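I opened the model today to look up a few points and wrote them down as I went. The entries follow the order in which I checked them.

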Amino acid sequence: MSSGELIYLDYNATTPLDQRVLDSMLPFFTEYFGNPSSDHVFGWQAAEAVEHSREQIARLVHCRPADLTFTSGATEAANMALFGFCEKNGHKGKHIISCKTEHKAVLDCLQALEKSGCRVSYLDVDSDGNIDLEQLQKMISSETILVNLMLANNETGIIQPMKEISEIVHRHQASMMSDITQAVGKIPVNLEELNLDVAFFSAHKMYGPKGIGALYINKKNKVRLGPRNFGGQQEKGMRPGTLNVPGIVGFGKAAEVARADMKAEADRLQKLRKQLESGLKRLKGARINSYNSRRLPNTTNISFEGIDGQQLIRKLKNLAVSRGSACSANEMKASHVLKAMRLSEELALSSLRISLGKFTTSEEIDKAIAEITKSVQQLKKAEV
Ligand code: PLP
């Protein structure tokens, strides 16, 4: 996607709305403005649209519609999931297992839970970002109530073997929670097959609107969460407050579009990423992180040895790329994900996350390669 000369390559931070999504939402700001809790025609119309959207999303992630609760996004859902789980299940044990490479939305909740008496163990990853299933087996004890691990990493795109992980976790009678935000819409996600107990994701990573997400609670597995908010019976009391109907409708449409387009789009993006990586690999000192692992088709993370990533980004005037997750990209600190993969502080600071999306073209990739190459070479010359 270009805006004038600008090329957007930060689709893991957020995506523009798909036109079909916008069209589906507009009538719900005006004609169908009703409150879905109202017991009259206006309310019924809105409530019907909300339930239709829940079904569209459930079809995308293969779950029962009733197991989805609408939230304001993945961060709110992560808070509801982690605090709500510990509140209801804390009497069974106080131990949680997660990983050093999780998103801040999860890590900050875990830190707060540690302060309130939970014990959290963080799995390591290898230099490609893979977790070690043996370490997980060794860490789980009878005190472990929950394992929380993301399906796909937002910075490197690495995909963890969630089915195997959840089998291990359930064998030990613990519950399995996953941040599936970056995976949904990009790769097939089948919640039933993965046998997750709790999961969360967001519309704005898949061409839906910002400010709407979902919390999945597998009621068949008898998982119970306490509510975080109080004030009404919306969403069966799990998330009270008037529903964001236009957002929910857009989320549903985005799910429908993703389901139809995913296979062809994933193949196209993988080809474009190959073009990008082949072009950038020619630069001396360039290293593609998580290259040997199963990754999201749209994501690449590249270190440029001897280059300051912040300076590089400032030079890339026509490119929107990032140094890490959008929540921490403005921090001067090295990415905690890359550091966990044992990159040196310096190498981690030299890295860019480049994430492609449905408006990315081959011409844009060629321009991006040329601009990054020129900027890296200029920065190298300035050092000499
Ligand atoms: N989890 C992951 C992996 C993400 O990439 C993000 C967004 O950056 C979030 C959670 C937070 O999502 P939201 O912006 O919907 O709160």
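How much space lies in the largest pocket? I found about 470 Å³ there. I keep in mind that this is a predicted model.

**Entry: pocket lining.** I listed the residues that line the largest pocket and got 23. Those nearest its centre are Ile-187, Ala-266, Gln-270, Arg-295 and Pro-297. I then looked up which element gives the most to the lining, and helix H8, residues 245–281, does so with 11 residues. Sorted by class, the lining has 10 charged, nine nonpolar and four polar residues.

**Entry: salt bridges.** How many salt bridges does the structure hold? I noted 15. Side chains of opposite charge can pair when their charged atoms come close. I looked up several of these pairs.

I began with Glu-277 and Arg-295, which form a salt bridge with the closest N and O atoms 2.8 Å apart. The pair links distant parts of the chain. Glu-277 sits in helix H8, while Arg-295 is in the loop between strand E10 (286–288) and strand E11 (299–304), and the two are 18 residues apart. Are Glu-277 and Arg-295 buried or exposed? Both are buried. I also note again that Arg-295 is among the residues nearest the centre of the largest pocket.

Next I took Lys-263 and Asp-267, another salt bridge, with 2.9 Å between the closest N and O atoms. Both residues are in helix H8, and because they are four residues apart there, about one helical turn separates them. Lys-263 counts as exposed because its relative accessibility is 59%, over the 50% cut-off. Asp-267 has 33% and so counts as partly exposed.

Then I checked Arg-20 and Asp-18, whose side chains meet in a salt bridge at 3.0 Å, N to O. Asp-18 has a relative accessible area of 5% and is therefore buried. Arg-20, at 40% relative accessibility, counts as partly exposed. Salt bridges that share partners join Asp-18, Arg-20, Asp-261 and Lys-358 into one network.

**Entry: ligand surroundings.** Which residues surround the ligand? I wrote down Gly-73, Ala-74, Thr-75, His-103, Met-150, Asn-154, Asp-179, Thr-181, Gln-182, Ser-202, His-204 and Lys-205. For three of these I looked up a distance. A polar backbone atom of Ala-74 is 2.9 Å from an oxygen atom of the ligand. For Gln-182, a polar side-chain atom lies 2.8 Å from a ligand oxygen atom. For Asp-179, an N or O atom in the side chain is 2.7 Å from a nitrogen atom of the ligand.

**Entry: Thr-14.** From the ligand list I followed His-204 and found that its side chain makes a polar contact with the side chain of Thr-14, at 2.7 Å. Where is Thr-14 placed? I located Thr-14 in the loop between strand E2 (6–8) and helix H1 (19–25). Thr-14 is buried because its relative accessible area is 18%, under the 20% cut-off.

**Entry: His-170.** My last check was His-170, which is found in helix H6, residues 162–171. His-170 has a relative accessibility of 22%, so I entered it as partly exposed. I also looked up its separation from Leu-196, 26 residues apart from it along the chain. The C-alpha atoms of His-170 and Leu-196 are separated by 9.5 Å.

How values were computed. Residues are numbered from 1 along each chain as its sequence is written. This is a predicted model: local features need pLDDT of at least 70, side-chain atom pairs count only at pLDDT 80 or more; totals for chains, interfaces and linings use all residues. Side-chain values use heavy atoms; hydrogens and water are left out. On a 1 Å grid over the protein atoms alone, a cavity is a set of points where a 1.4 Å probe fits but cannot get out, and a pocket is an open set with protein on both sides within 12 Å along at least five of seven lines; lining residues have an atom within 4 Å of a point. Grid points are joined across faces, edges and corners, and a volume is the space filled by probe spheres set on the points. Ala, Val, Leu, Ile, Met, Phe, Trp, Tyr, Cys and Pro count as nonpolar, Asp, Glu, Lys and Arg as charged, and the others, Gly among them, as polar. A salt bridge is a side-chain nitrogen of Lys or Arg within 4 Å of a carboxyl oxygen of Asp or Glu. Buried means under 20% relative accessible area, exposed over 50%, partly exposed in between (1.4 Å probe, protein chains only). A residue is near a molecule or strand if one of its heavy atoms lies within 4 Å of it. A polar contact is a pair of N or O atoms within 3.5 Å; within protein, one must be able to donate a hydrogen and the other to accept it, and residues adjacent in sequence count only if both atoms are side-chain atoms.
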